[in-house]
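New to this one? Take a moment to look it over, and then we'll walk through a few spots together.

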Amino acid sequence: MTKTTTRRGLLRGGIAAAGAGALAPVAARAAGDPAITELQPWMQQLGDGVDARPYGMPSPFEAHVKRRNVDWLTADPVSSVNFTPLHEMEGIITPNGLCFERHHAGIAEVDPAQHRLMINGMVDRELVFTMEDLARFPRHNRVYFLECAANSGMEWRGAQLSGCQFTHGMIHNVMYTGVMLRDVLASAGVKPGAAWILPEGADASAMTRSVPLEKALEDCMIATHMNGERLRPEQGYPVRLVVPGWEGNMWVKWLRRIEVGDQPWHHREETSKYTDLLADGEARRFTWAMDAKSVITNPSPQAPITHGPGPTVITGVAWSGRGTIPRVDVTLDGGRNWHVARMDGPSLDKSMHRFYFEFDWDGTPLLLQSRAHDSTGYVQPTKDALRAVRGENSIYHNNGIQTWHVDERGEAENVEVG
């Protein structure tokens, strides 16, 4: 006898299998729901052909998902930053169009046919490469996070900005394709006594940072692609430096020159900028690696709980500039009780990790926090613990634990718990 499955039968079966409590709202909505009983416009007409969108765009129903600026954060939008909408994303890969931007002189629109990369200084042969020359080195693919040193910088003195996007969105995580910097330097021949490199950008600010040669030879890349496509102009097209796990300003975009030397250059960006002002007024230089950090992306102020009490999924991302993230803890009560979250997806070195914590919300207010552990044994500190060491003057390297207060309606706000 053939058994026919009907929509009504499927619904009854689903309720029986999953529990009436969990799916009761679904059944209630299904009764007389016009989304089911009426033909929708897209069911009654032909859609666009395959060539209508030759470089695809997201659905117009996702138009709210975009990078956003904070107007008052900087003096002008040219030398400014916009933020990745972490609360709208899943998995660990950031779409190229949503990767946060930070510019020191705006976006350089570089013609790749006219772009060159020079290697000079303490080398046996000073060389100049075209983009075609670079493509002849062995290519590699690596997934890394890129975090601005100032990510969460406004939060040093307390909860300031509303939304996961604005508090923690100066980060993205993509697959880079490019060549290893050590291969390019080897072709020029590094002289004995060399200990540093100075990458320089082709934008109007001529961005430079001193990078230890040891790091350059370890894992740095010269990237031409992100997530399979060419770098976008705002991400350094046609070529940028990749410095895995280290603060984003060192990942020089529109890379045009690498000088090799025996000591750091102490240019503007590593003296007046990107140093850590401590409580005693002294500034600490060269804090390159980004320490372990995590944040709950949902729920959060831009992503409240809308379904009411019942089965609820908490999710977020964690990362470390020193390795992988084997564990994340989640608390519902401001740190009195911690639960081990479920890690899901690939665990890659110096990459984002995705975590989940599923629980049955009873509708009472929550104080949500997450706490990352990295593969070196380092544990993400509370903000009070961080301030005890670093004070409140810095705007860089804030990896303190974030707290969201969720009220009985599911609305979330940025708060602090000591």
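What follows is a quick tour of a sheet, a histidine and a set of paired strands. Keep in mind that this is a predicted model.

**The open sheet**
- Five strands make up an open sheet, and going across you meet them in the order E5-E4-E13-E8-E9, with mixed pairing.
- At the edges sit E5 (127–129) and E9 (211–212), each of which pairs on one side only.
- E4 (residues 117–121) and E5 run antiparallel and are joined by 3 bridges.
- Want a spot to look for? Ile119 has Leu127 in E5 as its bridge partner.
- Helix H6 (residues 181–188) lies across E4, E5, E8 (196–201) and E13 (255–261), and runs at about 135° to E5.

**A look at His140**
- You'll find His140 in strand E6, which covers residues 139–147.
- His140 has 23% relative accessibility, so it counts as partly exposed; that label covers values between 20% and 50%.
- Setting aside neighbours within four places in sequence, His140 is in contact with Tyr176, Thr177, Gly178, Met180, Asp183 and Met221.
- Glu38 is 102 residues from His140 in sequence, and their C-alpha atoms are 51 Å apart in space.

**Strands E22, E23 and E24**
- E22 (residues 366–373) pairs with E23 (residues 403–406) in the antiparallel sense, over 4 bridges.
- E23 also runs antiparallel to E24 (residues 412–415), again with 4 bridges.
- Val406 in E23 stands opposite Leu366, and Val406 also stands opposite Ala412 in E24.
- The hairpin of E23 and E24 has 5 residues between its strands, and there Gly410 takes a positive phi near 95°.

Methods. Residues numbered from 1 in each chain as written. Predicted model: local features only at pLDDT ≥ 70, side-chain atom pairs only at ≥ 80, totals over all residues. Heavy atoms only, no water. Pairing = 2+ DSSP bridges. Helix = DSSP H or I, 4+ residues; strand = E, 2+ residues; numbered from the N terminus. Contact = heavy atoms within 4.5 Å. Axes fitted to C-alpha atoms, helices over the stretch in contact; angles between N-to-C directions. Buried < 20%, exposed > 50% of the residue type's maximum accessible area, 1.4 Å probe, protein only.
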